[in-house]
Amino acid sequence: RASGTQIALDELVAPSFENELLVVLGEPLKGPGVTPRQARAALVAVAPALELVEKRGDFAADVPLSLADNVQQKGFIVGALTQPLHPGLELGETRVEVYINGERVDAASGREVLGGPAASVAWLANRLADYGRRLEQGAKILTGSFTRQFPIAKGDLIEARFVPFGSVTAEVA
């Protein structure tokens with residue numbers, strides 16, 4: 001969904017959110033051996049995003065079932081794409097500030113995501129190679145949360161401000 005969307009709380013199971021970057025690949029990435037530098041070079045766009053999470057059970061109790069259930073992801077909310085990306089832009093230097101109802105509840109840098117969001121993309125490309133697959137051109141990837149998850153409640157206005165990529169917001173109804 002687009003930034004500014006309204007989330008219906010009564011349609012969700014124990015909901016929370018994470019703050020992430022959504023990246024878009026301009027070329028395929030096939031592991032093994034993809035480096036964070038190669039992954040970063042393959043990116044053509046970035047957007048601020050919120051991952052909408054549901055806690056639909058005890059995931060540690062049955063890991064295969066949890067993976068089949070797509071772990072916890074329900075969906076994502078995305079802000080405006082930044083493209084083209086400056087070749088020297090280091091995603092690990094991205095900063096986020098997280099707000100709930102106008103109150104800042106956390107802040108972090110992109111380095112919290114495996115050392116940088118490009119490392120997350122490289123990890124995924126290399127892991128998919130174990131199954132004979134690759135990341136395709138045009139793929140949209142959530143790179144991982146900069147901070148912990150935050151629960152949401154009816155009436156909450158949630159926002160993540162990513163420097164230099166802008167903000168993404170959602171309202172819980």
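A14 is partly exposed, with a relative accessible area of 44%. In this predicted model, A14 sits in the loop between β1 (5-7) and β2. Its backbone catches the eye too: phi of A14 is near 40°, a positive value, and A14 is not a glycine. That's worth a second look, because most residues other than glycine have a negative phi. L114 does something similar, with a positive phi near 55°. This leucine belongs to the loop between β6 (103-109) and α3 (117-129), and L114 counts as exposed because its relative accessibility is 59%, where the cut-off is over 50%.

Two prolines bring in another backbone feature. The bond from G31 to P32 is a cis peptide, with omega near 5°, and P32 falls in the loop between β2 (15-25) and α1 (36-42). V163 and P164 are also linked by a cis peptide bond, this one with omega of about 20°. P164 is in the loop between β9 (157-163) and β10 (166-172).

Now for the whole chain. Three helices and ten strands make up the secondary structure, and they follow one another as β-β-α-β-α-β-β-β-α-β-β-β-β. The radius of gyration is 16 Å, which agrees with the value near 16 Å for a compact globule of 173 residues. Along the principal axes, the C-alpha trace spans about 45 × 40 × 25 Å. Of the 173 residues, 45% count as buried. Contacts reach far along the sequence: among those between residues at least 6 apart, 74% join residues at least 24 apart. As for charge, the mean positions of the 17 positive and 21 negative charges are 5 Å apart.

How values were computed: Residues numbered from 1 in each chain as written. Predicted model: local features only at pLDDT ≥ 70, side-chain atom pairs only at ≥ 80, totals over all residues. Heavy atoms only, no water. Helix = DSSP H or I, 4+ residues; strand = E, 2+ residues; numbered from the N terminus. Rg over C-alpha atoms; globule rule 2.2 N^0.38 Å. Buried < 20%, exposed > 50% of the residue type's maximum accessible area, 1.4 Å probe, protein only. Contact = heavy atoms within 4.5 Å. Lys, Arg positive; Asp, Glu negative; His and termini not counted. Charge placed at Lys NZ, Arg CZ, Asp CG, Glu CD.
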